[in-house]
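Please look over the structure shown here, and pay attention to the open spaces along the protein. The report that follows describes two of them in turn.

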Amino acid sequence: MLKQELDKNVFQALKEKMKQGLLPQWILTDPQIYEMEIDKIFAHTWQFLAHETELKEPGSYVTRWMVNDPVLLVKTNSGELKAFLNSCPHRGTQLCTADFGRKKTLTCPYHGWSFNLNGDLIGVVAGDKVYGGEMKKDEWGLRPIPQVGVYQGMIFGNLDPNAMPLEDYLGDMKWYMDIMLGRSDGGMEVRGLPQRWVVNTNWKLVLENFSGDPYHVQTTHRSTVEMGISPQDPLYAGYGHQVVLQHGHGVNVITASAPGKPQRPPYQGLPQEMWPMFERNLNEDQLKVFSKATVLVGSIFPNLSFVSPVHGSEGHLHNYLNFRVWRPLGPEKIEIWSWFMIDKAASDEYKEDAYKGYISSFGPSGTLEQDDTEIWIRVTQSSKGIMARSKDHSYNNLLNYLMGLDRVLPDDTWPGPGVAYPTCYLDAISRATHEYWLELLTGEGPESEQEMMRKEYAGGHGDE
Ligand code: FES
Ligand SMILES: [Fe+2]
């Protein structure tokens, strides 16, 4: 329980401002909001844990975090995936301390209790002598994470046993995940280990940098234009569609070329010999979207983002998929976890080149990552002073999310699900995400205009 609840009026005021496309800056770093987010959002929503290709053989395990809950994800002898709290039920120490490994049994480093891969307690050091023969071992197994779900090889956990099933939660995002993760025979594979690093910023602002902010590309990443890597046209990252999905999710399908101008290479510049495979694995509408895409960038609420970019020069282009978890460590701190994924069916040479492209752009020391990190830190630094933190709006602390509001209308010729707008320079996803965030925080059902519009739109197009 929170020591101090935020006043209802504060949320009412927030809601009103958000409806007008304004975001009070204080929510970015407020400690009470942060505590509520952990309680009301992260305790009930699906969080990404790992990709199936990280756990290849029986006994393979990885250790992960769902904010502050340590998670041990194991592949059992029968090939089943199990997720446990990575905390020994005896006295609570972390059971596995390595990031990954392979084991036949899991032995606790504190007093030596051991568990099989199904989580059953199978060995207690000097058990009969210290506990007597009557110790009920079956009551002291590892504690399972309440729900685990898998979609297109992506393994998610949920700490709420009553949360809606993963596939319902992902909703129409599944259609876009199919394009990114299911286009190739055998799907995607993780290459290397997830990289992780800590940044002094708030999870919400990095989430929306990926889900709803292609507008920053032409300024923050200006050096790529100057080096001739990105187009000169300042609108280039805006060409395409921004798609608002349910539950705070969203995706930008960026074509990076103006309508009527020569199109960029189809299928994100992927080798032509892979195209028949895409045509086998995706439906006609998905192919329409994918064939024109240059970059796919977006987020699955609350803290999983992705970018599928194209690097390299004409005739030597590379595409990959980068998934990242923004693990909150406090109102002003996150741990970034970043996975490089690539089509299993691609050649080794292609995979290697694409990996180098990732490391030099979106890896922890990559140029694009450095550009963004600097900005994210500065937003946080400048959002915690007296003016920015004012809750009564006696100072003007409202940030601008007005782009496209009441001006840009959905494109009803869009072949995919969701509410798609014919530009990516738009705050539609951010506004919808803020609304969903507030609904979860206040426990109110979806009743927003965006939600109603989504339903109406979906109803009219048979998307839901
Ligand atoms: S804490 Fe694990 S055996 Fe004691
Ligand atoms: Fe960026």
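## Two pockets in the model

The second largest pocket is lined by 20 residues, and those that lie nearest its centre are E208, D213, I375, V379 and Y401. This description, like everything below, rests on a predicted model. The elements α6, α12 and β21 (398-400) each supply at least two residues of this pocket's lining, and α6 gives the most to the lining of the second largest pocket, with four residues.

The largest pocket has a lining of 38 residues, of which S230, V295, V310, H311 and L368 lie nearest its centre. At least two lining residues of the largest pocket come from each of α6 (203-212), β15 (295-300), β17 (310-313), α11 (348-361) and α12 (367-381). Among the contributors to the lining of the largest pocket, β17 gives the most, with four residues.

The table sets out the volume and the classes of lining residues for each pocket.

| Pocket | Volume | Lining residues by class |
|---|---|---|
| Largest pocket | about 830 Å³ | 19 nonpolar, 15 polar and four charged residues |
| Second largest pocket | about 530 Å³ | nine nonpolar, eight polar and three charged residues |

Which elements should a reader find first when tracing the lining of the second largest pocket, where each supplies at least two residues? They are α6, α12 and β21, and when the reader turns to the largest pocket, α6 and α12 are among the elements that each supply at least two residues to that lining.

Definitions and conventions. Residues numbered from 1 in each chain as written. Chains lettered and ligands numbered in written order. Predicted model: local features only at pLDDT ≥ 70, side-chain atom pairs only at ≥ 80, totals over all residues. Heavy atoms only, no water. 1 Å grid on protein atoms, 1.4 Å probe; cavity = no way out; pocket = protein on both sides within 12 Å on 5 of 7 lines; lining within 4 Å. Points joined across faces, edges and corners; volume = space filled by probe spheres on them. Nonpolar A, V, L, I, M, F, W, Y, C, P; charged D, E, K, R; others polar.
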